[in-house]
Amino acid sequence: MEKGRGAQINPHNKFAKEEIVVEEAFKEFCRLNNEKWKNAKTDYINVEPKTIITKVDSPDVPFNYSINPYQGCEHGCVYCYARNSHQYWGYGSGLDFEKKILVKRNAAHLLRNELEKKNWKAALVMLSGNTDCYQPIERKLKITRSLLEVFEEKKHPVGIITKNSLIKRDIDLLSSLNDQNLLRVTLSITSLKEETRRLLEPRTASVKQRLKTLEELSKAGIKVNVNMAPIIPGLNSEEILELAKTVSEYGAHSIAYIMLRLNGQIGSIFTDWVQKAMPLKANRILHLIRDTRSGKLNESRWNKRMKGEGAFAEHVSGLFKIARQKYFQNTERQPINFDVFEKKSQSQLKLF
């Protein structure tokens with residue numbers, strides 16, 4: 001297996017007319033000559049989008065707009081539903097998704113322009129609805145931080161979904177937004193087992209770092225929702241109650257989950273990965289996944305794709321019901337404050 005990467009293959013881009021095929025003879029030639037036939041490094045490619053806020057038309061998510069400062073994600077989570085979207089940019093959904101990262105350096109400028117439009121109405125904008133806004137290159141480029149600075153300046157609601165401890169860097173901005181009820185934070189924790197984390201999510205923050213991040217955010221007064229996403233039957237599904245108990249002890253305000261769905265090319269990417277990474281468990285895991293998807297690896301129907309169907313899916317749902325009753329009874333919170341943005345916008349218009 002390729003070390004430090006989730007996907008082990010790079011399926012052909014369905015929109016591309018030509019396909020690059022590496023012959024076994026060439027691989028053998030490289031091996032004999034002590035040469036590498038794969039490019040191991042990550043490429044960061046600057047792009048110049050004209051807009052930055054994306055409308056989200058899905059009844060399965062609690063937000064209507066998202067911003068993705070990066071397309072592609074170096075975290076390399078093998079199960080990531082966003083992999084398919086990389087094909088629209090001319091790349092593959094497998095290794096390309098992890099190695100070809102598109103960078104939107106003008107994101108903050110675009111955001112300010114869009115929030116200042118007269119017809120813009122305050123709504124929760126999620127960072128990120130597709131790829132992680134705190135992936136490794138963010139430490140250097142600080143695009144996500146520049147976006148948060150605009151949201152804080154404009155007094156506009158923002159949400160964050162991440163599995164990277166780098167979010168701690170921005171606690172100053174997050175606290176300011178939180179004090180005005182303008183913030184929602186979700187931290188993804190898929191497993192408490194570091195070995196599982198390394199295989200599933202090779203370039204993400206460790207389990208220890210994520211729990212520490214949860215604790216620090218909580219101590220700063222920020223209510224964090226922990227998302228156990230995805231639930232992979234036969235792999236991390238037995239950890240549900242233990243994980244719920246642990247994250248509650250570290251300060252999580254609430255907990256949610258998403259059942260694994262292998263949409264598009266992710267089915268072949270995941271199947272290849274699990275057979276290589278866990279050959280003894282692979283057949284059972286794939287069988288249980290199909291049990292939650294009416295015999296398939298994927299489910300695209302609204303209101304079904306996130307939770308699954310069947311006996312195993314009902315079992316998972318029941319475990320989360322128990323977990324919430326036992327560890328997360330007080331999950332009430334103040335509603336998001338949309339009014340402060342409108343008032344600030346109106347006061348600015350009076351200057352003209």
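Let's start at one small spot: Asn-181 is found in the loop between α6 and β8. Helices here are DSSP runs of H or I with at least four residues, strands are runs of E with at least two, and both are numbered from the N terminus. Phi of Asn-181 is near 60°, a positive value in a residue other than glycine. Asn-181 counts as partly exposed because its relative accessibility is 23%, where buried means under 20% relative accessible area, exposed means over 50%, and partly exposed lies in between (1.4 Å probe, protein chains only).

This is a predicted model, in which local features need pLDDT of at least 70, side-chain atom pairs count only at pLDDT 80 or more, and totals for chains, interfaces and linings use all residues. Residues are numbered from 1 along each chain as its sequence is written, and side-chain values use heavy atoms, with hydrogens and water left out.

**The chain as a whole**

- The protein chain has 13 helices and ten strands.
- A compact globule of 352 residues would have a radius of gyration near 20 Å, so the 21 Å of the protein chain agrees with that; the radius is taken over C-alpha atoms, and the globule rule is 2.2 Å times the number of residues to the power 0.38.
- Along the principal axes, the C-alpha atoms fill a box of roughly 70 × 50 × 35 Å.
- Of the 352 residues in the protein chain, 55% are buried.
- About 17400 Å² of the protein chain is exposed, and carbon and sulfur atoms supply 50% of that area; accessible areas come from the Shrake-Rupley method with a 1.4 Å probe, and for residues only the protein chains shown count as cover.
- Among contacts with a separation of 6 or more, 79% are between residues 24 or more positions apart, a contact being heavy atoms within 4.5 Å.

**Phe-151 and the nonpolar cores**

- A nonpolar core is a set of buried Ala, Val, Leu, Ile, Met, Phe, Trp, Tyr and Cys residues joined through side-chain atoms within 4.5 Å.
- The largest core has 64 residues, and Ile-67, Leu-111, Leu-127, Leu-148, Phe-151 and Val-247 touch the most other members.
- Helix α12 (residues 311–327) gives this core its largest share, six residues.
- A second, separate core of 25 residues includes Cys-77, Ile-232, Leu-260 and Leu-297.
- Phe-151 lies in helix α5 (residues 143–154) and counts as buried because its relative accessibility is 0%.
- Leaving aside residues up to four places away in sequence, the residues that Phe-151 touches include Ile-67, Leu-111, Leu-127, Pro-157 and Leu-177.
- Phe-151 and Asn-113 are 38 residues apart in sequence and 12 Å apart in space, C-alpha to C-alpha.

**Helix α6 and its surroundings**

- In helix α6 (residues 171–179), the buried residues are Ile-171, Leu-173, Leu-174, Ser-175, Leu-177 and Asn-178.
- The cover over the buried residues of α6 includes α5, β7 (158–162), β8 (183–188) and α8 (207–219).
- Asn-181, our starting point, follows α6.

**Aromatic pairs and charges over rings**

- Rings of Phe, Tyr and Trp (its six-membered ring) pair if their centres lie within 6.5 Å; planes under 30 degrees apart count as stacked, over 60 as edge-to-face and the rest as tilted.
- By this rule the count comes to three aromatic pairs.
- One of them is the tilted pair of Phe-270 and Trp-273, at 5.5 Å centre to centre with 45° between the planes.
- Phe-270 and Trp-273 both lie in helix α10 (residues 266–277), three residues apart, about one turn of the helix.
- An α-helix has 3.6 residues a turn, so residues three or four places apart point the same way.
- Phe-270 is buried, with a relative accessible area of 0%, and Trp-273 counts as buried at 0% relative accessibility.
- A charge sits over a ring if NZ of Lys or CZ of Arg is within 6 Å of the ring centre and within 35 degrees of the ring normal.
- The charged end of Lys-307 sits over the ring of Tyr-257, 3.8 Å from its centre, and that of Lys-55 sits over the ring of Tyr-65, 5.5 Å from its centre.

**Backbone details worth a look**

- Leu-127 and Ser-128 are joined by a cis peptide bond, with omega about 0°; Ser-128 is in the loop between β6 (125–127) and α4 (138–141).
- From Ala-229 to Pro-230 the peptide bond is cis, with omega near 0°, and Pro-230 is in strand β9 (residues 224–231).
- Lys-155, a residue other than glycine, has a positive phi near 60° and is in the loop between α5 and β7.
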